[in-house]
Amino acid sequence: MAASLSEGVPETEDGKRPQFGNRFLSDPARVFHHNAWDNVKWSEEQAAEAERKVQENSSQLVCPEKQADYEVNAHKYWDDFYKVHENGFFKDRHWLFTEFPELAPRHDHLVNLHLENQKNEASKHRSSEDGPGLAAEQHKRPCTSHGCETRVPPVEEPVTQKLTHLEICADDFPGSSATYRILEVGCGVGNTVFPILQTNNNPDLFVYCCDFSATAIELVKTNSEYDPSRCFAFVHDLCDEAQSYPMPKDSLDVIVLIFVLSAIVPDKMQKAISKLSRLLKPGGVMLLRDYGRYDMAQLRFKKGQCLSGNFYVRGDGTRVYFFTQDELDTLFTAAGLEKVQNVVDRRLQVNRGKQLTMYRVWIQCKYSKPLVPSASQHVPAPHTT
């Protein structure tokens, strides 16, 4: 599951895309001088008009029978989407390495060193609190995937096995020999995965990617850039609580969600994020970029396309939710993660040929898993809309 993302910001002289938030429109007369402007301030009138449009297009909901169809047959609608568009709808997301340096080459090695130092400090802290007896007991335990980056596991065979719902062995899973592991959820046809594999040639990197659509995964696997020794693509339903992931808990360094969480029913978001959180290593991060409240796409919906508050169905049967920062913060913190970044990318894109302006609202988040779980962590009430 994925969504089209127009970049709107040209490259700099060194060939790199600047991080968002670096181009400001100070003179309205210059609006068509560039393709996009960052951190655009909305007037009170514009915000009020956006709220009015949402109230209007939300006044008539999709009937319960059709809502049930969109949920039960969600995989079919996404399969149909990819059968129609195949590899031609999305652009490769090379901007990822600017916004999320955790995915870039060399960063993974530095992170592992940094986390190893932090874990050593955390271990000393626990030893001083628990006493020498418990510390010695913990030292004797056999090494597992939790924090054991220095162990050299056996050479991994090519990944050809199919997923099962069996318990995943901590020392025998796709990518078990890697020391830096990335999972993209809702990978679509690989517009995030392939730029990572092309750019990050770290031999210790392994990338997982999954999607709800079997058609999308087949397109990933048949891509000439797909390398089973570095990547494992699989079909997965983010909302299926009984379906397991092909890696054990505490095994991933990075989880990427790019315009995917918005595609599922709001009531199922919390359990999906909590399940993903358990896969992260202590110190690992979850990266998200998704639709924000009052984005142009939300304002363009017509009456009869609203499923529930800020949740809509497109003409092709795929669905989309529009978030606030607080809603995303609640989802991540309830899953035991800590905020690193939660920002709104409020951008003005322009079509200079047609002299059109388009106001986009995206939210970008980074949340990390604590090195030492807090004893006071509790789960707030489920996410509601």
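**Close-up 1. Helices α3 and α8 meet with axes that come within 7 Å and cross at roughly 40°.** In this predicted model, the two helices α3 and α8 are therefore oblique to each other. On the α3 side, the contact is made by Asp-79, Tyr-82 and Lys-83, and on the α8 side by Ala-214, Thr-215, Ala-216 and Leu-219.

**Close-up 2. Here we look at Thr-215, a residue of helix α8, which covers residues 214-221.** Setting aside residues up to four places away in sequence, Thr-215 touches Asp-79, Tyr-82 and Lys-83. Is Thr-215 buried or exposed? Its relative accessibility is 18%, so Thr-215 counts as buried, the cut-off being under 20%.

**Close-up 3. Helix α3 takes up residues 74-85, and its length can be checked by simple arithmetic.** With 12 residues at 1.5 Å a residue, α3 should span 16 Å, and the 17 Å between its end C-alpha atoms agrees with this. Which residues of α3 are buried? They are Ala-74, Tyr-77, Trp-78, Asp-79, Phe-81 and Tyr-82. The cover over these buried residues includes helices α2 (64-72) and α8, together with strands β3 (205-211) and β9 (319-321).

**Close-up 4. Lys-76 and Tyr-77 show a charge placed over a ring.** The charged end of Lys-76 sits 5.5 Å from the centre of the Tyr-77 ring. Tyr-77 itself is one of the buried residues of α3.

**Close-up 5. Trp-78 and Phe-81 belong to a structure that holds 15 aromatic pairs.** The ring centres of Trp-78 and Phe-81 are 5.6 Å apart and their planes lie at 70°, so this pair is edge-to-face, as planes over 60 degrees apart are counted that way. The two residues are 3 apart in helix α3, which means that about one helical turn separates Trp-78 from Phe-81. Trp-78 is buried, with a relative accessible area of 5%, and Phe-81 also counts as buried, at 9% relative accessibility.

**Close-up 6. Phe-81 also forms an aromatic pair with Tyr-82.** This pair is edge-to-face, with 5.0 Å from centre to centre and 90° between the planes. Both Phe-81 and Tyr-82 are buried. Tyr-82 is worth finding again in the helix contact, where it is among the α3 residues that meet α8.

**Close-up 7. Elsewhere in the chain, ring pairs link several aromatic residues into a cluster.** Which residues does the cluster hold? Look for Phe-259, Tyr-291, Phe-301, Tyr-312, Phe-322 and Trp-362.

Conventions. Residues are numbered from 1 along each chain as its sequence is written. This is a predicted model: local features need pLDDT of at least 70, side-chain atom pairs count only at pLDDT 80 or more; totals for chains, interfaces and linings use all residues. Side-chain values use heavy atoms; hydrogens and water are left out. Helices (H or I, at least four residues) and strands (E, at least two) are DSSP runs, numbered from the N terminus. Buried means under 20% relative accessible area, exposed over 50%, partly exposed in between (1.4 Å probe, protein chains only). Contact means heavy atoms within 4.5 Å. The expected span of a helix is 1.5 Å times one less than its number of residues. Rings of Phe, Tyr and Trp (its six-membered ring) pair if their centres lie within 6.5 Å; planes under 30 degrees apart count as stacked, over 60 as edge-to-face and the rest as tilted. A charge sits over a ring if NZ of Lys or CZ of Arg is within 6 Å of the ring centre and within 35 degrees of the ring normal. Axes are lines fitted to C-alpha atoms, for helices over the stretch in contact, and angles run from 0 to 180 degrees between N-to-C directions. Angles under 35 degrees count as roughly parallel, over 145 as roughly antiparallel, 65 to 115 as roughly perpendicular and the rest as oblique.
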